[in-house]
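Me: I've got a structure open and I'd like to go through the labels on it one at a time. For each, tell me what it rests on.

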Amino acid sequence: MRRLIVLVSALVTLVAFAAPAVAATFDPTQIALPLDGTHRITDSFGDCRGTNCSRRHEGVDIMAAKGIPVLAAADGVVDWVPTACCGLGIDHGNGWQTRYIHLNNDTQNPDGSYSDDGKAWGIAPGIVDGTAVTKGQVIGWVGDSGNAEAGSSHLHFEIRQNGVAIDPYPYLIKAEGNWVGQFNDDETSVHQANIDKIFVAGITVGCNPPLNTKFCPQRNITRGEMAAFIARALHLTQMTGTPAYDDVDGHLFEIAIDKIQMAGIGFGCDENSFCPDRPLERDEMAELLVRAFQYENPDATDFFTDDSGNQFETSINKLANAGITVGCNPPANDNFCPDRQLSRGEMATFFVRALGL
């Protein structure tokens, strides 16, 4: 009998060490924010879903751009991975589980945009059913898979206790207090909030690929980068026509430049060239934004004193009439500085105003 007891004890010990480690305790007030990037948490738990409110929303949607990292909210073991991409669940022990849904399933293009082809696998390598994960570990990337295809990219996040969904919103708000923004080089920029907003909107991905941890707010934005911003902001698809420029073949932003040209928005620096690496000037910015967003100036108001005779004067006044620019010499703001080059941070603010973000 003693030998049997010893044998059973040894087997129990062996199983205990062989099984994946599950956190002994789970406290929802101590979870980590489950993504690392610019985001907006919606208070949407319990909202109506389906026809005639046939079901209720069992989580919270955290609006964010495709491709930003999704993190494990607490230590645990992966216990749910659907066969169709993309989502997963983590068992935290004692009946607690978190779920992460609508992970990215689209391949990324060279310019940082996403193809919407459904051919990617938005779960981090090595993450499978039974994998032990730690709090803050990257487990996947934000996307719009599943029934989010028709909407904006976001992370659907759930907390469940013994299979019953509970409202994660207050715990996410508490966890959010430690988040400092998407990029690590814009904390002193007056444009930081707007930089984060255009990241969430999918207009920018950063300036140091593939890490894209920086935005380079003080660096002058190039004409090619501006083309990419506009193409992403307007969700332009490739349009019929013939590319017009001889100097963009093989360029990082070739596709975006072709898109805005074929949409009637882009224009060259001369008859045959786009000059994608040349810094963008403020008058060119005005012309591009007016073409993109169709601003008007019905009273033909002349807002500035330093743009008379400028080829883009009409567009500069349309941009001012729409409230997108106020000038360049506060507090008077009677100048526009049409020939001045534009920084990436300034451009972020212009896009936030243009898109009403």
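Me: How many salt bridges does the rule give here?
Reply: The count comes to 13 salt bridges. Keep in mind that this is a predicted model.

Me: What makes arginine 160 and glutamate 58 a salt bridge?
Reply: The cut-off is a Lys or Arg side-chain nitrogen within 4 Å of a carboxyl oxygen of Asp or Glu. For arginine 160 and glutamate 58 the closest N and O atoms are 2.6 Å apart, so the pair passes. It links distant parts of the chain, with arginine 160 in strand 11 (residues 154-161) and glutamate 58 in the loop between strand 3 (55-56) and strand 4 (60-63), 102 residues apart.

Me: Are arginine 160 and glutamate 58 buried or exposed, and how do you know?
Reply: Buried means under 20% relative accessible area, and partly exposed runs from there up to 50%. Arginine 160 has 11%, so that one is buried. Glutamate 58 has 36%, so partly exposed is the label there.

Me: How do you know that aspartate 144 and lysine 66 form a salt bridge?
Reply: Their closest N and O atoms are 3.4 Å apart, and the limit is 4 Å, so they count. This pair also links distant parts of the chain: aspartate 144 is in the loop between strand 10 (138-141) and strand 11, lysine 66 in the loop between strand 4 and strand 5 (69-71), and 78 residues separate them.

Me: Why is aspartate 144 called buried, and what about lysine 66?
Reply: Aspartate 144 has a relative accessible area of 5%, so it's buried. Lysine 66 comes out at 19%, and the cut-off is under 20%, so lysine 66 counts as buried too.

Me: Which residues are linked with Lys66 in a network of salt bridges?
Reply: Asp106, Asp116 and Asp144 are linked with Lys66 in that network.

Me: What makes glutamate 296 and lysine 318 a salt bridge?
Reply: The N to O distance is 3.9 Å, and anything within 4 Å qualifies, so the label holds. Glutamate 296 sits in the loop between helix 6 and helix 7 (313-321), while lysine 318 is in helix 7, 22 residues apart. Glutamate 296 has 49% relative accessibility, and exposed needs over 50%, so partly exposed is the right term.

Me: Which residues gather in the patch of negative charge on the surface?
Reply: Asp246, Asp249, Asp270 and Glu271. Aspartate 270 is in the loop between helix 5 (254-262) and helix 6 (282-293).

Me: How do you know that aspartate 270 is accessible enough for a patch?
Reply: Patch residues need over 30% relative accessible area. Aspartate 270 has 44%, so it clears that bar, and it counts as partly exposed.

Me: How many disulfides does a search of the whole structure find?
Reply: Four.

Me: Why is the link of cysteine 48 and cysteine 53 called a disulfide, and which hand does it have?
Reply: Their sulfur atoms are 2.1 Å apart, and the cut-off is 2.5 Å, so they qualify. The torsion about the S-S bond is about -80 degrees, so this disulfide is left-handed. Cysteine 48, at 42%, is partly exposed, and so is cysteine 53, at 27%.

Me: How do you know the hand of the disulfide of cysteine 207 and cysteine 216?
Reply: The sulfur atoms of this pair are 2.0 Å apart. The torsion about the S-S bond is about 65 degrees, so the disulfide is right-handed. Cysteine 207 is buried at 16%. Cysteine 216 is in the loop between helix 3 (192-200) and helix 4 (223-233), and has a positive phi near 60 degrees, in a residue other than glycine.

Me: What makes cysteine 328 and cysteine 337 a disulfide?
Reply: The S to S distance is 2.0 Å, within the 2.5 Å limit, so they're joined. With 70 degrees about the S-S bond, the link is right-handed. Cysteine 328 is buried at 18%, whereas cysteine 337 is partly exposed at 24%.

Me: Why is asparagine 94 called exposed?
Reply: Asparagine 94 has 58% relative accessibility, and exposed means over 50%, so the label fits. It is found in the loop between strand 7 (87-93) and strand 8 (96-101).

Note on methods
Residues are numbered from 1 along each chain as its sequence is written. This is a predicted model: local features need pLDDT of at least 70, side-chain atom pairs count only at pLDDT 80 or more; totals for chains, interfaces and linings use all residues. Side-chain values use heavy atoms; hydrogens and water are left out. Patches are made of residues with over 30% relative accessible area and no salt bridge: like charges are joined within 9 Å, nonpolar side chains (Val, Leu, Ile, Met, Phe, Trp, Tyr) within 5 Å. Accessible areas come from the Shrake-Rupley method with a 1.4 Å probe; for residues, only the protein chains shown count as cover. Lys and Arg count as positive and Asp and Glu as negative; His and the chain ends are not counted. The place of a charge is taken as NZ of Lys, CZ of Arg, CG of Asp or CD of Glu. Helices (H or I, at least four residues) and strands (E, at least two) are DSSP runs, numbered from the N terminus. Buried means under 20% relative accessible area, exposed over 50%, partly exposed in between (1.4 Å probe, protein chains only).
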